[in-house]
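The following exercises concern backbone geometry, ligand surroundings and core packing. Please work through each task before reading its solution.

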Amino acid sequence: MDKNFYITTPIFYPSAKPHMGHAYTSIIADVIARFKRIDGFNVHFLTGTDEHGLKIQRAAEKKNMEPLLFCNEISKSFRQLAKTLNLSNTDFIRTTEKRHIKSVQHLWSLLEKNGDIYLSKYSGWYSVSDEAYYSDDEINTKDNKKISTISGSTVEWVEEESFFFRLSKWQDKLLEYYKNNPNFILPESRKNEVISFVKNGLKDLSISRKSFSWGIKVPNNDKHIIYVWLDALTNYLSALDYPSTESDLYKKFWPASIHLIGKDILRFHAIYWPAFLLAANIPLPSRIYGHGWILSGDEKMSKSKGNILDPLEIIDKYGVDPLRYYLIKEVSFGNDGSISKERLENCINSDLANNFGNLCQRVTVFNEKNCSSIVPEKGDFNKEDLQLLDNFSNNINIIRNEIDKQNINFYIEFIVNSLFDANKYFNDQEPWKKKNDIKRLNTIIFTSLEVIRKICIMLYPIIPESIIKSLKIFNLKEMDINFSSISNHNYLKVKSKINKIDILFKKIEKVND
Ligand code: ME8
C-alpha cells in the first residue's frame with residue numbers, strides 16, 4: 001500500500017510581512033512533514049499566500065499600489081521565510097495563480113449545480129481584518145466602535161446583494177460527521193467548541209461580495225466576487241490539480257491528512273470547509289488541528305495589533321535550529337505560549353550545546369584517543385547498554401501513534417529524556433576507567449555512538465541542518481536517515497571511520513546585570 005501524507009499550513013495574508021506566529025505554524029508543519037518522510041511516507045507539504053479580498057485591497061491602497069504588485073512583493077517575503085526556516089515544503093501556492101482561480105470557479109459551479117447556492121441580500125457585520133461575518137450577539141461596543149467579541153477586531157456594517165451558501169442545510173450532517181470521526185478536529189477542547197457552535201444553529205453563509213473588485217469572479221456573473229474564505233480554503237485542492245481528480249497528485253494526496261492551523265481560523269476550517277466539501281461531494285480531510293497562539297504579553301501576536309516579533313531577527317542572532325527547537329520544546333503544543341529570549345538561551349546552552357553537542361564531542365574525542373577514530377569491535381551488550389538502546393525500539397511505535405495525534409509534547413519529552421539518559425550512561429559507565437578492559441571500553445563507545453545515531457534520527461525533524469552536520473561523525477547523509485533503522489543496534493559497521501565534528505551549538509554568554 002502507498003504511504004501518502006498531505007500536510008498544509010494556512011495560506012497567509014500578505015497584508016504585511018510574516019511574523020513569529022506564521023513561523024510557528026510553518027515550523028510545526030515542517031517537523032511533522034519531516035517525521036513522516038523519514039518514516040517512509042511520500043509527503044506533500046503545502047504552504048502559500050491568500051491574496052484576495054478587502055483586507056488585501058485596502059492594504060495595497062494604503063501603499064498606493066495595485067493589489068497584485070503589492071502581493072507579488074509581500075508574497076516573496078513569505079516564500080523567503082519558508083527558505084530561512086528550512087521548510088521542506090513541496091509546493092507554495094498563491095491564490096492569484098491561474099491553477100487556483102480555475103479550481104475555485106469549478107467548485108463554485110459544482111455547489112451551484114447541486115442547489116447549494118442562492119441569490120439574496122446580506123445585511124450584517126463584517127470584519128475586514130478577519131474577513132469574517134459576525135452575528136449581532138457576537139458584537140460589542142468599545143470606545144464607540146463596534147468590535148467582534150470573538151476576535152476583538154473592529155467590524156463594519158454591510159448591506160448588499162450577495163450569493164448565499166446553504167450552510168444551515170448541512171448542520172446535522174456536520175454533527176453526524178464529528179460524531180463518527182472523533183479525531184477529525186483536535187485538540188479535544190477545540191472540537192467541543194466547534195460542536196457547541198454548530199449545535200446552536202448555523203445560518204446560511206454569504207459567499208460573494210459586490211462592493212469591491214479584488215477577487216475571483218463568480219462564474220457567469222462578473223458583478224460578484226467570491227468570498228475570500230471560499231476562495232482561500234479551496235487552495236488545498238488547487239495545489240493537487242483540482243478539478244482534475246484523475247491527476248496523480250489528487251489521487252495520491254486527497255483527502256489531506258492534516259490541515260494545521262491556528263485556533264483563530266478554526267470555524268472556517270472545521271465548519272465551512274467540511275460543509276463546502278460535503279455539498280460538493282468531495283471527501284473530507286482527515287484532521288483539522290487548531291494550535292494555540294504565540295502571545296506578546298497577554299495578547300495574540302498579530303499584524304493588526306502591531307506587537308509582532310520578527311523571526312528573522314531571532315534567526316540572525318541565534319540560528320534557525322535553536323528557534324525551531326525552542327518553539328517545539330517550550331511552547332506546550334495546543335496551548336498558547338510566549339517567546340522569551342532567556343528560555344531560548346537556556347535551550348541553546350543546556351539542551352543543544354550541553355546535552356547534545358557535548359555528548360557528540362565527548363564521545364568522538366574519546367573514540368579518537370582510544371579507538372583510533374573507527375567504530376570499535378564490541379563485546380556483548382550488558383543490561384545497561386541494552387536498556388539504553390532498546391528504549392528507542394520499544395518506543396518508536398508509541399511515538400508514531402502520538403505524532404499521528406499531533407502530540408508533539410510527547411515526542412519532544414522522549415527526546416529530552418533520551419539525551420539525559422545518554423549523558424548519564426556515558427558518565428556512569430566511566431569508559432576512561434576501563435583502559436584495562438578494552439572489550440568493555442569498546443562496547444561502551446560502540447553503544448554511545450549507536451545511541452548518538454539514534455538520537456540524530458529522532459532530532460532530525462526538529463533541527464535538520466544541525467543533524468546533517470552531526471551525521472558527518474558516521475559519514476552518513478540526509479538520505480540515510482530513516483526510522484526503519486532505529487531498532488537496529490548494529491547499524492554501524494565495525495572499523496568504519498568516525499569523524500570529529502565542529503562545535504554544533506555555541507553557548508550564549510550570559511551577562512549579569
Ligand atoms: O488567517 N500565534 O491568514 P493569517 C500562532 N489567510 N500562530 C499564529 C499567530 C500567533 N500569534 N498569528 C498567526 C489567515 N498565526 C488566512 C488563512 S487558510 C485557507 C487562510 C498563524 O495571515 C496561525 O496558523 O492571518 C494562524 O491560523 C494563521 O497564522 C493566520 O494567518
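**Exercise 1.** Where is Asn-281 placed, and is Asn-281 buried or exposed?

*Solution.* Step one: Asn-281 sits in the loop between α10 (266-280) and β15 (288-291); helices (H or I, at least four residues) and strands (E, at least two) are DSSP runs, numbered from the N terminus. The model is a predicted one, in which local features need pLDDT of at least 70 and side-chain atom pairs count only at pLDDT 80 or more, while totals for chains, interfaces and linings use all residues. Residues are numbered from 1 along each chain as its sequence is written, and side-chain values use heavy atoms, with hydrogens and water left out.

Step two: although not a glycine, Asn-281 has a positive phi of about 65°. Step three: Asn-281 counts as exposed because its relative accessibility is 69% (buried is under 20% relative accessible area, exposed over 50%, partly exposed in between; 1.4 Å probe, protein chains only).

**Exercise 2.** Characterise Asn-86 by its phi and its accessibility.

*Solution.* Asn-86, also not a glycine, has a positive phi of about 65°. The residue lies in the loop between α3 (67-84) and β3 (91-94). With 23% relative accessibility, Asn-86 is therefore classed as partly exposed.

**Exercise 3.** Give the omega values of the cis peptide bonds from Leu-186 to Pro-187 and from Tyr-242 to Pro-243, and locate each proline.

*Solution.* First, the bond from Leu-186 to Pro-187 is cis with omega near -5°, and Pro-187 belongs to the loop between β9 (185-186) and α6 (188-199). Second, the bond from Tyr-242 to Pro-243 is cis with omega near 10°; Pro-243 belongs to the loop between α8 and α9 (248-253).

**Exercise 4.** Which residues does Ser-238 contact, apart from its neighbours within four places in sequence?

*Solution.* Begin with position: Ser-238 is part of helix α8 and counts as buried, because its relative accessibility is 0%. Next, its contacts (heavy atoms within 4.5 Å) outside that sequence window are Ile-93, Arg-99, His-100 and Ser-103. Finally, the side chains of Ser-238 and Ser-103 form a polar contact of 2.9 Å (a pair of N or O atoms within 3.5 Å; within protein, one must be able to donate a hydrogen and the other to accept it, and residues adjacent in sequence count only if both atoms are side-chain atoms).

**Exercise 5.** How many residues surround the ligand, and which elements each supply at least two of the shell?

*Solution.* Count first: 26 residues surround the ligand, each having a heavy atom within 4 Å of it. The closest are Ile-11, Thr-25, Asp-50, Ile-294 and Met-301. At least two shell residues come from each of β1 (4-12), α1 (20-37), α7 (228-233), α8 (235-238) and β14 (258-262).

Then take the N or O atoms. A side-chain N or O atom of Asp-50 lies 2.7 Å from a ligand nitrogen, and a backbone N or O atom of Ile-294 is 2.7 Å from a ligand nitrogen. For a backbone N or O atom of Gly-21, the distance to a ligand nitrogen is 3.3 Å.

**Exercise 6.** Which residues touch the most other members of the largest nonpolar core?

*Solution.* A nonpolar core is a set of buried Ala, Val, Leu, Ile, Met, Phe, Trp, Tyr and Cys residues joined through side-chain atoms within 4.5 Å. The largest has 94 residues, and Leu-327, Phe-356 and Met-458 touch the most other members. Helix α16 (residues 438-459) contributes the largest share, 12 residues. A second, separate core of 84 residues includes Phe-12, Ile-74, Trp-170 and Tyr-242.

Methods
Near = heavy atom within 4 Å.
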